[in-house]
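Visitor: I've got a chain up on the screen and I'd like a walk through it. Could you take some questions?

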Amino acid sequence: MNARISHDARIEDYALIGDEQTAALVGRDGSIDWLCLPRFDSGACFARLLGEDEHGHWRIAPKEAKAAKASERDTATCTRRAYRPDTLVLDTEWDTPDGTVRVTDLMPQRDRAPDVVRIVEGVSGRVTVRSTLRLRFDYGSIMPWMRRCDGHRVAVAGPDSVWLRAEPPVRTWGEDYGTHSEFTVGEGERVAFVLTWHPSHERRPRLVDPYEALDGSVTDWRRWARRCRYDGPHRDAVVRSLITLKALTYAPTGGIVAAATTSLPERLGGVRNWDYRYCWLRDSTLALGALLTAGYQEEAEAWRNWLLRAVAGNPAALQIMYGVAGERRLPETELPWLPGFAGSSPVRTGNGAVEQLQLDVYGEVMDSLSLARTAGLPTRPHMWAIQRSLMEFLASAWRQPDQGLWEVRGGRRHFVHSKVMVWVAADRAVRTLERHQELHGDLDGWRRLREEVHREVCEKGFDPKRNTFTQYYGSRELDAALLLIPRVGFLPPDDPRVTGTVDAIRADLGHGGLLRRYDSEEDAEPVVDGLPGGEGAFLACSFWLADALHLTGRPQEARELFERLVRLCNDVGLLAEEYDPDAGRQLGNFPQAFSHLGLVNSALTLFGTEEAG
């Protein structure tokens, strides 16, 4: 009988494991319900997260902890779980009447092929454990052909091949279109499963020793975490966020995906379900700043280099997002066979927003490259030429309306945040020329552009009656992105227009003490994003509010908000894109780089000079 993820299932029930090329989500019930192979943006072989058992999953748990049907989910969950400190190695434990058993999950750094390692260990007593594997390639749509070979179970369908083995071998059989194993472990006894993917036309990759993989992964992650320079309050949350950002990095190119998932809903049962397994330019400055300040120059340089490769070419064709290797074609498609998380459909792959015009990304790119140069990252011969080309395009294109930072699908407008970021682009170009006289560019023209944009935004994007900047020219609506005005230097934090904007946004967009990014409710006039239904509080924007409160002289309020946001992390320290304060649950794709970048940057802003203790 098929089990379906119920409305009681929560996004925060999941933990992340990964190998810096893809990632898996592991539930409290011991089931891997999401895994795309071999890359973040490949088709999922486990897609139960967005559907039912028949769409693929791999559960290892005590036999008596029955499969998590909707009505039985609470009885199937673990007793406790945690990452090993400063790693991405997950330990999940069950206490049963017969004893205690632990499952350790990890994805070791790959040599050539991706591996999932799951080690079952008896802690006390003798516990019978069952493994149930249902592989379904292409997002749960393709059932593979299974066979036995050299002690492995081998699944093949089209381009995909997966090999499963157990060490030592255990009783394994096929039933109900799945592969099942059952065995008993006593105290100190271990059984390791290794699942390996490779292209079906190639020979099987070399075998990975699961116990060496475990030891190596723990050592590698802890060595990496020790590089963190932050030593202020909530260091554990900051390090966990940095590890999550590292896990969302596609190591071969340095690109950072926005999240490991697609189509986790921004409102349960709604249509705001998008594919976030790509790299957004909007994250560039925030990511660079966090990595550089926290002590990760190598990762910052890799991200900067990915950025340079991705944006190279015609500046008029600059996209808001790219694939992990810089791919530009990301066509949006719906997968009708998947019912969606908690019935939230459609499920989508690809992202149609890739075709939008968003002027703010020019400012993000210019700001990022300026920051990289200021921080002393090695320059590239073509870097300034690309920046000059972007500025030449902006000089004529900046007056156009666009879809804005939030990728609205309700038509183009003159979004104030977009114009502010045009100002940022001009400002960074001017500052670069003033500091580096060996470079050449239209200094006078960019100074004029900077002044003209600033004047227009203050005239057309500010409501003097309410003492606040607005979402777009002529509107009364507000936008949480306006909280970035003092951060990017458009106006100083003590400017009355800044404090007025912070207060107005807090009053109008506040939701349960957190912050929505804009008014998306159906009674909003007009509904700027063109979509039905609303969404939860946006966690990155809530971190921006904490930063803005700190910058405008309200440090205690900033810290209280930051403390509350940290408490929203799930039991293993992860955040989704949004949070519903009314239902008390996370929403949106998970884990979300934007949210974890917000946590890291807010900690650095609020406590960067303090020591832990």
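Guide: Sure. First a term: a contact here means heavy atoms within 4.5 Å. This is a predicted model, where local features need pLDDT of at least 70, side-chain atom pairs count only at pLDDT 80 or more, and totals for chains, interfaces and linings use all residues. Residues are numbered from 1 along each chain as its sequence is written, and side-chain values use heavy atoms, with hydrogens and water left out.

Visitor: Of the contacts between residues at least 6 apart in sequence, what percentage join residues at least 24 apart?

Guide: Take the contacts in the chain between residues at least 6 apart in sequence. The share of them that joins residues at least 24 apart is 66%.

Visitor: What is the radius of gyration of the chain?

Guide: That radius is taken over C-alpha atoms, and the globule rule is 2.2 Å times the number of residues to the power 0.38. For 613 residues the rule gives 25 Å, and the chain comes close to that, so it is as compact as a globular protein of that length. The radius of gyration of the chain is 25 Å.

Visitor: Which helix gives the most to the largest nonpolar core?

Guide: A nonpolar core is a set of buried Ala, Val, Leu, Ile, Met, Phe, Trp, Tyr and Cys residues joined through side-chain atoms within 4.5 Å. Buried means under 20% relative accessible area, exposed over 50%, partly exposed in between (1.4 Å probe, protein chains only). The largest core has 204 residues, and those with the most contacts inside it include Trp58 and Phe490. With helices being DSSP runs of H or I, at least four residues, and strands E runs of at least two, numbered from the N terminus, the top giver, with 11 residues (416-435), is helix α9.

Visitor: Is serine 263 buried or exposed?

Guide: Serine 263 sits in the loop between β17 (255-256) and β18 (279-280). Its phi is positive, about 70 degrees, though serine 263 is not a glycine. Most residues other than glycine have a negative phi. With a relative accessibility of 0%, serine 263 counts as buried.

Visitor: Which residue does a cis peptide bond join to serine 345?

Guide: Most peptide bonds are trans. In this one omega is about 10 degrees. The partner lies in the loop between β20 (333-334) and β21 (348-349), and the residue joined to serine 345 is proline 346.
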